[in-house]
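Got a minute to go through this one together? Let's take the labels one at a time and ask what backs each of them up.

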Amino acid sequence: MLIRSKKSSEISESSTTPESIYLQRREILKGLGIAASGLILPGAAQAGILDYFSSKEEEVVADRRRKLSATLNPAYQPDWQLTPESKVLTHNNFYEFGTGKADPVKNARNFNTEPWHIVIDGEVDKPFKLSMEELFKLFPLEDRIYRLRCVEAWSMNIPWVGIRLADLIKRAQPNSNAKYVAFETLHDPKQMPGQSSRHIGGGIPYPYVEGLRIDEAMNDLTMLSVGLYGKTLAPQNGAPIRLVVPWKYGFKSIKSIVKIRLTSQQPPNTWNITNAREYGFYANVNPEVDHPRWSQGSERFIGEGGILSVSREKTKMFNGYADEVASLYSGMDLRKNI
Amino acid sequence: MVILLKIVIHLLAGGTFAYLFLLIDSGAFGGDPVKDIIHFTGKTAINLLIATLLVTPVVKFTKYGQLNRVRRLLGIYCFVWASSHFATFAFLDLGLDLSLLSTELVKRPYLVLGFSSWLILLAMAITSTQAMMLRLKRRWKQLHQLVYLVAILIPIHYLWSTKSEWIEPSIYIAIFVGLLIVRHQQIAKIINQLNSKVVA
């Protein structure tokens, strides 16, 4: 559990923290407060809510995220209601750290991502390996707001920080055999309990792998994210570097990437290996094609407010990015190529 | 003794609601607890179904007939939790989109199983009073034997609803198979009666 009660001998957090950071934390707490007040509880339970606030504050102390400076990309700054940061940080699918939505934030707390290297190889003329520091030096960071649509029919609006995947791939100079891009998550069962325990990790094969067609990978929308809400990624969000492909279901956006390989053949992807009937290679958001177990016609948007303020919205073709990507699939049967 | 046991059941099955609220409030379910609430209410209903179905074999084994008197209470609580499970799915997940709810309930095999089971539990809960028992006579027993069908449908509903996990659903399937095996004579009798009706 995250909750740790403060010993009276410990100095208060506000006296050890620069004010700007402290105020930021207050903002997070405010976000959590909104989440908590969604359920109206009888008077007697109020003390519990206060306790909850003080223990949440302790949780923020463990936050190892750093501020990032990035340039706003005006093309991707829609005027949307954002999903509160507190919810982006505590509602995650990252089976390496447990199958429950609240598992990753707990189990990934001590995930060590330093040092971290990412390798780009395969069908390229100039394979290379970069540390995160080198990556930050080579590529300018951008702020972009994207909608994330999970295959489980919920969605979030998230302000990402990252680079264009195309820029990274171009640097490796792909050769003419490069038709696909394969991605791989870190395999480290000591740090990722789901990889060593079937029970925690839901029994999917590890390491988690994903893939894109080269034209999908080179599309301007496709991002390698290194942060969100102006800070580096928290472990549960896929620190230190993850894919973001906003017109595809969330499981395509592989987390904590260590390897990117350009290939001539279509690479495997984890959920397709696990259950080919339910999850395909393309996984384009498509309200017309249902998941075998639920409708993809609408989605539950996770915004501000508590659980009782449910907002069910119509799902858009390609998650609303049809103008940018529909041409990639012209002539393709999207019912067959799920 | 039975009174004491009934108090314990009220405390446990009712107290679990308080526990659920505490879990939500403490942030144990994360920033968006909807999925976890649905799982929690569903699993509690399954556990109560197991408890209800355990009464008869335990009475047989211990010869302590008084225990039969807690079966209805357990069954009612099972229905209450199954109803919260259904309600949280309909309200919190689907946002009470009734047209979506009605198409989903008939379109998705795991929801067909879950919803049919809930309808059976509803019928059993409505007819759970002494007066209803007297009024329905022989039909009452027939209706309430449908709980064996629920015991088959529900673990499959759970298995089919999961994404990749099968360990826990398999444990539940094993438990329900066990609960049905100890009743094999009674179930064989029901099947025989059904067969003879079909033949006639």
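**Contacts, crossings and cores**

This is a predicted model, and in it the contact between the chains draws 35 residues from chain A and 28 residues from chain B.

Q: Which elements give two or more residues to the side of chain A that touches chain B?
A: Among them are helix H1 (19-37), helix H2 (46-61) and strand E12 (298-301) of chain A. By class, that side has 14 nonpolar, 14 polar and seven charged residues.

Q: Why are H2(B) and H8(B) called roughly antiparallel?
A: Helix H2 (residues 34-62) and helix H8 (residues 147-161) of chain B have axes that cross at roughly 155°. The label needs an angle over 145 degrees, so the pair is roughly antiparallel. The axes come within 11 Å, and the crossing is left-handed.

Q: What makes the contact of H2(B) with H8(B), by class?
A: Seven nonpolar residues, with no polar and no charged ones. H2(B) brings B:Ile46, B:Leu49 and B:Leu53, while H8(B) brings B:Val150, B:Ala151, B:Ile154 and B:Tyr158. Ile, Leu, Val, Ala and Tyr count as nonpolar, so the class holds for each of these.

Q: Which residues touch the most other members of the largest nonpolar core?
A: A:Val181 and A:Phe183, in a core of 72 residues. Strand E5 (residues 154-164) of chain A gives the largest share, six residues. Beyond four places in sequence, A:Phe183 is in contact with residues including A:Val209, A:Leu243 and A:Ile254.

Q: Which residues does the second, separate core include?
A: B:Leu48, B:Met124, B:Ile154 and B:Tyr158 are among its 25 residues.

Note on methods:
Residues numbered from 1 in each chain as written. Chains lettered and ligands numbered in written order. Predicted model: local features only at pLDDT ≥ 70, side-chain atom pairs only at ≥ 80, totals over all residues. Axes fitted to C-alpha atoms, helices over the stretch in contact; angles between N-to-C directions. Helix = DSSP H or I, 4+ residues; strand = E, 2+ residues; numbered from the N terminus. Parallel < 35°, antiparallel > 145°, perpendicular 65-115°, else oblique. Left-handed = near helix turned anticlockwise from the far one by under 90°. Contact = placed C-beta atoms within 7 Å. Core = buried A, V, L, I, M, F, W, Y, C linked by C-beta atoms within 7 Å. Buried ≥ 20, exposed ≤ 12 C-beta atoms within 10 Å, placed from the backbone.
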